[in-house]
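Please work through the exercises below with the sequence and the model open side by side. Each task is followed by a solution that goes step by step.

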Amino acid sequence: MSETLDPVRIGIVSVSDRASSGVYEDKGLPALREWLGKALTNPLTFEERLIPDEQALISQTLIELVDAGCALVLTTGGTGPARRDVTPEATLAVAHKEMPGFGEQMRQISLAFVPTAILSRQVAVIRDNCLIINLPGQPKAIAETLEGLRNADGSQKVHGIFAAVPYCVELIGGPYLVTDDAVCKAFRPKKK
């Protein structure tokens, strides 16, 4: 790896009818920006979107962010069972490949905290050379699923999904992501 870290463009999308219409303040975008700013040491550029729960608009936004050069797009909100929760459908509609392990791991982590985690429908997909991941809607749950669970002594109990993100992004032709191990240690197979 060179000494100069690759710049990374990341799309962050908060999907919420009420926040996008000003009924309440969006907490998803600030939570994503803050966590990613701590976890990654690369120079970061964020493409932020706050949009309503409209399937066509969500799909269009994801395509625009990929076309704008985002190596990673993280969404928050719209993944529950309610009628207006359509983020997974919109994400799957633009997918070239589905990555089911991300959703499985997020639900496993969240089940350690709430039994209603089984109601979440987060998915992850690849479109071109961009990884798109649907995250939970609450800032606490966003951090838990990205970072994972720790034992009382601070050692990793269950890996968060972000441990696999840098290697996935690298495999699909994206930039080399460098994490701060104190927040999230990226896993890459040892070179033979």
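The exercises concern a sheet, an acidic residue and a surface patch.

The model is predicted, so to speak of local features a pLDDT of at least 70 is needed, side-chain atom pairs count only at pLDDT 80 or more, and totals for chains, interfaces and linings use all residues. Residues are numbered from 1 along each chain as its sequence is written, and side-chain values use heavy atoms, with hydrogens and water left out.

**Exercise 1.** Determine the order of the strands in the open sheet.

Solution. Strands are DSSP runs of E with at least two residues, numbered from the N terminus, and two of them pair if DSSP finds at least two bridges between them. Six strands then follow the order β2-β1-β3-β6-β5-β4, with mixed pairing. The edges are β2 and β4 (97-98), each of which pairs on one side only. Strand β1 (residues 8-15) runs parallel to β2 and is joined to it by eight bridges; G11 stands opposite E47 in β2.

**Exercise 2.** Establish where D53 lies and which side chain of opposite charge is nearest.

Solution. D53 belongs to the loop between β2 (44-51) and α3 (55-67). D53 is buried (under 20% relative accessible area, 1.4 Å probe, protein chains only). The nearest side chain of opposite charge, R84, is 5.4 Å away, and D53 has no salt bridge (a side-chain nitrogen of Lys or Arg within 4 Å of a carboxyl oxygen of Asp or Glu).

**Exercise 3.** Locate L111 and classify its exposure.

Solution. L111 sits in helix α5 (residues 100-111) and is partly exposed, with a relative accessible area of 41% (between the 20% and 50% limits).

Notes. Helix = DSSP H or I, 4+ residues; strand = E, 2+ residues; numbered from the N terminus. Lys, Arg positive; Asp, Glu negative; His and termini not counted.
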